[in-house]
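User: I have a protein model to learn from. Can you take me through it in short steps?

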Amino acid sequence: MKLCVSLLAAALALSMGLPTQAVETTVWQIGNLDDNYAELAISGSYAAYPRQFPRDVSFTVGKDDPAKSWPFIHPGPDDVWARPRAHYSKTHPFAVRFDLPEQPKGIFTLTIDMISTHPTAPPTYSISINGKGGEMELPGGSDAALTDPSQGKQFVLRVPIPASSLKQGRNDLVLTATRGSWLIYDGLVLTNDPDLTCTEAAVTGAALTPTTRFVRSGGKLRQLADLSVRFSQSMISADAVVYAAGSTCRIPLNSGPLGEAKAEVSLPEVTQPTTVRCAISCRGRFRTQVFTFELRPQRRWTLYVQPSAHVDIGYTDYQERVIKRHNDNMTAALDLCAQYRGFKWNTEAAWVQDNYLSLMPATRKPATSRSRSRYPGRGSTLKFPTARCSPAKTYSTEPACRGTARRTTSPSRNPAARSCGPP
Ligand SMILES: [Ca+2]
Ligand SMILES: [Ca+2]
């Protein structure tokens, strides 16, 4: 069964006062809106992408042919198969360059017709027009569409673009799957109705979501929250003023082509539920709208980072690469020890330290007693194959592990840590 979704279209079209008999002209089109991808490049052969598009996509309207220059599939960062080399970029921007011969007028509409998306990891899709962008999460589709377009779950995205966001001459549109996996195109069309005008814009919703992240600023701890604001129109530049616990901060917002703006807000740390007010204004577009949220205290987490979980030189990678990686980690750890007083580092195996000290120049070794006090301690003693242990056996090893750690991790006082070996 085909699923056809048109997000934003109804709300945005109403807010922009689209007449029922709008007269639109096609500015450009890539592919045909025919529920098929046969007319697009590497049709049905996704594995050909890294060979045919090693530098991703740069499509010039009026010059390039979709059959050669616009792939039927748009990979996301999860798609390892789409990278010609491991170190290449994980995202794959698709750029469209087009010229407008005259000063743009009225409303443009970008229609992106998709055949399907990855079923369990659909992409977060970013649209940027002349440097201003926004993104949205696409719904999951069907991977049967990779070889059979009739098996897809179709999705149509219509984005109204005011003429003020475009310009006479060259314009740049960039489409990117910023998270997740692939999507498959049917075709893209940009249309224009020069007689349409925007009605008054409005904020249609706002949310403030606390995060678990804190920052220290001016000696005081502040907690970070994510502000999300949805507008009735795309490409609106507005201001948000957030009032919380005697603190005020002003944040610029840009709704982008999808009508939604997101920003990170730094607020004073609260110890009890606290009211936060957010006033959103856009001079000349709409009157100030005020939203009220409740900011709750957030738990402070202690973060332990384990860079590796299996020191077996030559098993997880070539020996020289394993050695280099551990040495790089040690160098970075020493730098962080010097930079942050509370930073501690424990190696998983004693070999990591011994090897580093034998190879590194004296200038890299901890020289002072102060730096030695936080120098990476010896590990290895706490590593055992947890997958082979019963829960009772696992817990019973805890005192022994701590005792061994106290005896062997001199001079630093590293907390007992346990890494899990593979089964
Ligand atoms: Ca279609
Ligand atoms: Ca098509």
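What follows is a set of questions and answers on this predicted model.

User: How many helices and strands does the protein chain have?

Analyst: This is a predicted model. Start with the secondary structure of the protein chain. The count comes to 7 helices and 20 strands.

User: What percentage of the residues of the protein chain count as buried?

Analyst: A residue is buried if 20 or more other C-beta atoms lie within 10 Å of its own. The protein chain has 423 residues. The buried share of them is 32%.

User: What share of the contacts in the protein chain with a separation of 6 or more comes from residues 24 or more positions apart?

Analyst: Take the contacts with a separation of 6 or more. Then pick out those between residues 24 or more positions apart. Their share is 75%.

User: Why is strand S6 described as largely enclosed by the rest of the structure?

Analyst: S6 covers residues 107-117. It has 11 residues, and the burial count decides the matter. S6 is largely enclosed because the number of buried residues is 10 of the 11.

User: Which residue of S9 is the bridge partner of isoleucine 112?

Analyst: Strand S9 spans residues 155-162. S6 and S9 run antiparallel, joined by 8 bridges. Within this pairing, isoleucine 112 has as its partner leucine 157.

User: Which residue in S11 stands opposite methionine 114?

Analyst: S6 also pairs with strand S11, residues 183-193. This pairing is antiparallel and has 10 bridges. Opposite methionine 114 in S11 is tyrosine 185.

User: In the open sheet of 5 strands, what is the order of the strands?

Analyst: The pairing in this sheet is mixed. S3 (57-60) and S8 (132-137) are the edge strands, each pairing on one side only. Neighbouring strands are turned by 15° against each other on average, direction ignored. The order is S3-S5-S10-S7-S8.

User: Which residue of S10 is the bridge partner of serine 128?

Analyst: Strand S7 (residues 124-129) and strand S10 (residues 169-179) are antiparallel, with 6 bridges. In S10, serine 126 stands opposite threonine 176. For serine 128, the partner is valine 174.

User: And which residue of S10 is the bridge partner of alanine 95?

Analyst: Strand S5 covers residues 94-100. S5 and S10 pair in the antiparallel sense over 7 bridges. The partner of alanine 95 in S10 is valine 174.

User: Which are the edge strands of the open sheet made of 3 strands?

Analyst: The order here is S12-S13-S16, and the pairing is antiparallel. Neighbouring strands are turned by 20° against each other on average, direction ignored. An edge strand pairs on one side only. The two are S12 (203-217) and S16 (260-268).

User: Which residue of S16 is the bridge partner of arginine 222?

Analyst: Strand S13 spans residues 220-231. S13 and S16 run antiparallel and are joined by 9 bridges. The S16 partner of arginine 222 is proline 268.

User: How are helices H4 and H5 set against each other?

Analyst: H4 covers residues 319-339 and H5 covers residues 350-359. Their axes come within 10 Å and cross at roughly 80°. Angles of 65 to 115 degrees count as roughly perpendicular. So H4 and H5 are roughly perpendicular.

User: How many nonpolar, polar and charged residues does the contact of H4 with H5 have?

Analyst: H4 brings Ile323, His326, Asn327 and Met330 to the contact. H5 brings Val352, Asn355, Tyr356 and Leu359. By class, they are 5 nonpolar, 3 polar and no charged residues.

User: Is proline 50 buried or partly exposed?

Analyst: Proline 50 is part of helix H2, residues 49-52. Leaving aside neighbours within four places in sequence, its contacts are Ala82, Arg83 and Pro84. The count of C-beta neighbours inside 10 Å is 19. Therefore proline 50 counts as partly exposed.

User: How far apart in space are proline 50 and tryptophan 81?

Analyst: In sequence, proline 50 and tryptophan 81 are 31 residues apart. In space, the distance is taken from C-alpha to C-alpha. It comes to 7.4 Å.

User: What is the phi of aspartate 35?

Analyst: Most residues other than glycine have a negative phi. Aspartate 35 lies in the loop between strand S2 (25-30) and H2. It is not a glycine, yet its phi is positive, about 60°.

User: What value is the phi of aspartate 56 near?

Analyst: Aspartate 56 sits in the loop between H2 and S3. It counts as partly exposed, with 19 C-beta neighbours inside 10 Å. Its phi is positive and near 65°.

Terms used. Residues are numbered from 1 along each chain as its sequence is written. Chains are lettered from A and ligands numbered from 1 in the order in which they are written. This is a predicted model: local features need pLDDT of at least 70, side-chain atom pairs count only at pLDDT 80 or more; totals for chains, interfaces and linings use all residues. A residue is buried if 20 or more other C-beta atoms lie within 10 Å of its own, exposed if 12 or fewer, and partly exposed in between; C-beta atoms are placed from the backbone. Helices (H or I, at least four residues) and strands (E, at least two) are DSSP runs, numbered from the N terminus. Two strands pair if DSSP finds at least two bridges between them. Axes are lines fitted to C-alpha atoms, for helices over the stretch in contact, and angles run from 0 to 180 degrees between N-to-C directions. Angles under 35 degrees count as roughly parallel, over 145 as roughly antiparallel, 65 to 115 as roughly perpendicular and the rest as oblique. Two residues are in contact if their C-beta atoms, placed from the backbone, lie within 7 Å. Ala, Val, Leu, Ile, Met, Phe, Trp, Tyr, Cys and Pro count as nonpolar, Asp, Glu, Lys and Arg as charged, and the others, Gly among them, as polar.
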